[in-house]
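Please work through the exercises below with the sequence and the model open side by side. Each one sets a task and is followed by a solution in steps.

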Amino acid sequence: MVNKPKRIGTAGESAARDFAQLNGFPWADRRPLKGNKDEGDLLLSPGLIAEVKSGDKARNASDQQVTRWLQETETERVNANADLAVLILTRWRKPVERWWAITQTPAIEIPGPVVQVRMYLGDFLTYARHLGYGTPLEDVAA
């Protein structure tokens, strides 16, 4: 029997993967754990990984906790040799497309100091496709 936090985490990862598969990332998949060389929870496409946080800890995360998770996500991006990483936070009673997707500006090539950029997951996936990840936008039926 899997413990409750593991079930909550798996459910969040699976929902994010399924949503990505339907929205321009057909090969998105969950990644196996690799101990201290973790490479994120999801491989969305070559060069793009995601870390997913679910349950009460995601819904009630302080700004400091989000910053720590972004640091963890950056380490996983380096471990995975990916170009871009995103932290996905589940939201209470919100559809997956309105979960938070948070990244840092150096990963998205905005000049200036490092800042966090937060948007809905649906918007992030569209943005990532504009950057060349996933399926090209023009190849997807409207």
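**Exercise 1. Decide whether alanine 16 is buried or exposed, and state how far it lies from isoleucine 88 in sequence and in space.**

Solution. Begin with the cut-offs: a residue is buried under 20% relative accessible area, exposed over 50%, and partly exposed in between, with a 1.4 Å probe and protein chains only. Alanine 16 has a relative accessibility of 2%, and therefore counts as buried. Next, place the residue: alanine 16 lies in helix 1, where helices (H or I, at least four residues) and strands (E, at least two) are DSSP runs numbered from the N terminus. Finally, compare the separations: alanine 16 and isoleucine 88 are 72 residues apart in sequence, and their C-alpha atoms are 8.2 Å apart in space.

The model is a predicted one, in which local features need pLDDT of at least 70 and side-chain atom pairs count only at pLDDT 80 or more, whereas totals for chains, interfaces and linings use all residues. Residues are numbered from 1 along each chain as its sequence is written, and side-chain values use heavy atoms, with hydrogens and water left out.

**Exercise 2. Find the volume of the largest pocket and describe which residues line it.**

Solution. The general idea is that rolling a probe the size of a water molecule over the atoms shows where empty space is left. Here a pocket is, on a 1 Å grid over the protein atoms alone, an open set of points where a 1.4 Å probe fits, with protein on both sides within 12 Å along at least five of seven lines, and a lining residue has an atom within 4 Å of a point. The largest pocket has a volume of about 370 Å³, a volume being the space filled by probe spheres set on the points, which are joined across faces, edges and corners. Its lining holds 20 residues, and those nearest the centre are Pro5, Gly9, Glu13, Val52 and Lys57. Helix 1 (4-22), strand 3 (48-53) and helix 2 (55-59) are the elements that give two or more residues to this lining, and the largest share, 6 residues, comes from helix 1. By character, the lining of the largest pocket divides into 5 nonpolar, 4 polar and 11 charged residues, where Ala, Val, Leu, Ile, Met, Phe, Trp, Tyr, Cys and Pro count as nonpolar, Asp, Glu, Lys and Arg as charged, and the others, Gly among them, as polar.

**Exercise 3. State how many salt bridges the structure holds, and examine some of them.**

Solution. Side chains of opposite charge can pair when their charged atoms come close. The criterion is a side-chain nitrogen of Lys or Arg within 4 Å of a carboxyl oxygen of Asp or Glu, and the structure holds 7 such salt bridges. One of them joins arginine 17 to aspartate 18, with the closest N and O atoms 2.9 Å apart; arginine 17 counts as buried at 19% relative accessibility, while aspartate 18 counts as partly exposed at 34%. Another pairs glutamate 39 with arginine 31 at 2.7 Å between the closest N and O atoms, and glutamate 39 is buried, with a relative accessible area of 14%. A further bridge links lysine 53 to glutamate 51, where the closest N and O atoms are 3.2 Å apart, and both of these residues are buried. Salt bridges with shared partners join Glu51, Lys53 and Glu72 into one network.

**Exercise 4. Check the span of helix 3 against its expected value, and work out where its buried residues lie.**

Solution. The expected span is 1.5 Å times one less than the number of residues, so the 17 residues of helix 3 should span 24 Å, and this agrees with the 24 Å between its end C-alpha atoms. The buried residues of helix 3 are Val66, Trp69, Leu70, Thr73, Glu76 and Arg77. Seen down the axis of helix 3, these residues fall within an arc of 120 degrees, so they line one face of the helix; the arc is that of the directions from the helix axis to the C-beta atoms. The face turned away from the buried side of helix 3 carries the exposed residues Gln64 and Val78.

**Exercise 5. Describe the backbone phi and the surroundings of asparagine 81 and arginine 93.**

Solution. Asparagine 81 has a positive phi of about 55 degrees although it is not a glycine, and its place is the loop between helix 3 (63-79) and strand 4 (84-89). With a relative accessible area of 69%, asparagine 81 is exposed. Arginine 93, likewise not a glycine, has a positive phi of about 55 degrees; arginine 93 is found in the loop between strand 4 and strand 5 (100-104), and is exposed, with a relative accessible area of 72%.
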